[in-house]
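Colleague: Before I set anything up on this model, I would like a close look at one part of it, namely the place where the two chains meet. Please take me through that part in one connected account.

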There are 2 protein chains.
Amino acid sequence: MEQQTPKSKRKRGRQQRRTNITRQKLLDAAKTVFSERGLDLTRIDEITERADVGKGTFYYHFRSKEKLIKELIKGMLGELVAVIDEKCEGINDLTALMDTLIQVHTEFFSNRWEDFVLFFQGRADLTLQVSYSGIDTPFVDYIERMESLLDSVIEHRISKPALRRIACAVAGFLSGYYSFAVISPQGEDIDETFRSLRGAMVASLVRFIKETAPSAEAIGNVENNTSVN
Amino acid sequence: MEQQTPKSKRKRGRQQRRTNITRQKLLDAAKTVFSERGLDLTRIDEITERADVGKGTFYYHFRSKEKLIKELIKGMLGELVAVIDEKCEGINDLTALMDTLIQVHTEFFSNRWEDFVLFFQGRADLTLQVSYSGIDTPFVDYIERMESLLDSVIEHRISKPALRRIACAVAGFLSGYYSFAVISPQGEDIDETFRSLRGAMVASLVRFIKETAPSAEAIGNVENNTSVN
DNA sequence: GTCAAATCTGACGATATAGTCGGAAATGAC
DNA sequence: GTCATTTCCGACTATATCGTCAGATTTGAC
């Protein structure tokens, strides 16, 4: 075995670089086509065409379209979570956290339309009975990251399900607004709009959380059933 | 011409009924399959199979899958808007309006999972460059309905774009929460969860709107601000 | 009953896409 | 340079789906 790369089987160098480049070309092309045609209607031929490589090359790098999608979504959400972690580290005030979260999301998807489409398409896929296998995990990780951030900032202890509800509301609000803004007229700058709404969003989400934290806990005696805890 | 049905070309009766039944069977089957496989991956054969009719029958009733989708989404959103109109008529208090809107959405999608999937899939489709033609109009109508309701309830005049932003935020929040809750663990009852969050949602959306209405107006001169308060 | 129009059927031809495979080209070791 | 290994290519096969069409069946008028 070689000294530099004990992880791989054999020797590396320019070959390794070429592989990475080709692989990246495929990933980039795929993201582009996905944002144009959607996950389902994208054909492998179209991806390889855009990437300007032969069709066989695709199958050399990825077992199937499903694996590719899984990798893309996992990568994208991984990046998002990483930025969230970085920017939110050490914050222990709820308002500050909300403000940063919104900022991070806005900045992340700004000028990365393809990633937002990927995000939204992937999430829409989760509502189906048959979806691309494995793409749920990254989304769950993402939500759980938000949960733990919220948890560390909310005063009194609240239950796991209650946390989950709040995290879903926050995440839903963020992407929900974005997605509807798409229908907006003219060449309105969504990001700037989002920025201008940021203050109000923060304030209302904070209020939402503060009011929900106790009441979300109380679920169960509301109706008569479902004893969460 | 016959006396009963002057609208149609010729004679009607049992034949008319049979047609309607078959057509409805196709629409129902389509909705079901769409919620399982998604719009794109649904095959005509699968729809006719579920509806228990011959394949040719589909093409007798619908020119294409695209037309079918358009009709389904238009119908579904038409129903939703109708309920919204009915329940929100005469309301002139912002808080009451928000409360009713949330209630209507929850009730509407409760036990109508297929419709929610249709709603969400359709909306996800709008983020693409190539989507099913014609499905944007119903969504725009829906948003505009919300706009006019908000307009009639918010005190001071605000501009069209500002209204649009607020309506998007409200609609995004509603469906966004719902869609993320899907990832929720166990057999949690989303509707009940939603119900328990309703109070907080109303309060925070009202606050959001009241804070946004003036500041959304000020877009353009913003930039480094976020003057919450 | 007869006839015409409306509705339904499913086999069929045309087309499109997935995934494979034998071989070409590039790389690295020597 | 040779040779083995990795990477890439694109023509090909196998399969899946669309949309059509000629004919069967049902309905309504008479």
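Modeller: The model is a predicted one, and a good place to begin is the relation between its chains: a turn of 180° with a shift of 0.0 Å along the axis lays chain A on chain B with an RMSD of 0.1 Å. The two copies are thus related as by a two-fold rotation axis.

The contact itself draws 62 residues from chain A and 61 residues from chain B. On the side of chain A that touches chain B, the elements giving two or more residues are helix 1 (14-37), helix 6 (113-126), helix 7 (136-151), helix 8 (160-181) and helix 9 (190-217) of chain A, and helix 9 of chain A supplies the largest share, with 19 residues. By character, the residues on this side of chain A divide into 30 nonpolar, 17 polar and 15 charged. Since 94% of the interface residues of chain A are also interface residues in chain B, the copies meet through the same surface.

One residue that reaches across is A:Leu205, which, leaving aside its neighbours within four places in sequence, is in contact with A:Met98, A:Val170 and A:Phe173, and also with B:Ser204. A:Leu205 appears again in the largest nonpolar core, a set of 116 residues in which A:Leu205, A:Val170 and B:Val170 have the most contacts. To this core helix 8 of chain B, residues 160-181, gives the largest share, 14 residues.

Helix 6 of chain A, another of the contributing elements, has 14 residues and spans 20 Å from its first C-alpha to its last, close to the 20 Å expected at 1.5 Å a residue. Eleven of those 14 residues are buried, so helix 6 of chain A is largely enclosed by the rest of the structure; among the buried residues are A:Phe116, A:Val117, A:Leu118, A:Phe119 and A:Phe120, but also A:Asp115, A:Arg123 and A:Asp125.

In the other copy, B:Asp115 has its place in helix 6 of chain B, residues 113-126, and it has 20 C-beta neighbours inside 10 Å, so it counts as buried, the cut-off being 20 or more. Apart from its neighbours within four places in sequence, B:Asp115 is in contact with B:Met76 and B:Phe109, while its C-alpha atom is separated by 8.1 Å from that of B:Ser35, a residue 80 residues apart from it along the chain.

Notes:
Residues are numbered from 1 along each chain as its sequence is written. Chains are lettered from A and ligands numbered from 1 in the order in which they are written. This is a predicted model: local features need pLDDT of at least 70, side-chain atom pairs count only at pLDDT 80 or more; totals for chains, interfaces and linings use all residues. Copies are superposed by least squares on the C-alpha atoms of residues with pLDDT of at least 70 in both. Two residues are in contact if their C-beta atoms, placed from the backbone, lie within 7 Å. Helices (H or I, at least four residues) and strands (E, at least two) are DSSP runs, numbered from the N terminus. Ala, Val, Leu, Ile, Met, Phe, Trp, Tyr, Cys and Pro count as nonpolar, Asp, Glu, Lys and Arg as charged, and the others, Gly among them, as polar. The expected span of a helix is 1.5 Å times one less than its number of residues. A residue is buried if 20 or more other C-beta atoms lie within 10 Å of its own, exposed if 12 or fewer, and partly exposed in between; C-beta atoms are placed from the backbone. A nonpolar core is a set of buried Ala, Val, Leu, Ile, Met, Phe, Trp, Tyr and Cys residues joined through C-beta atoms within 7 Å.
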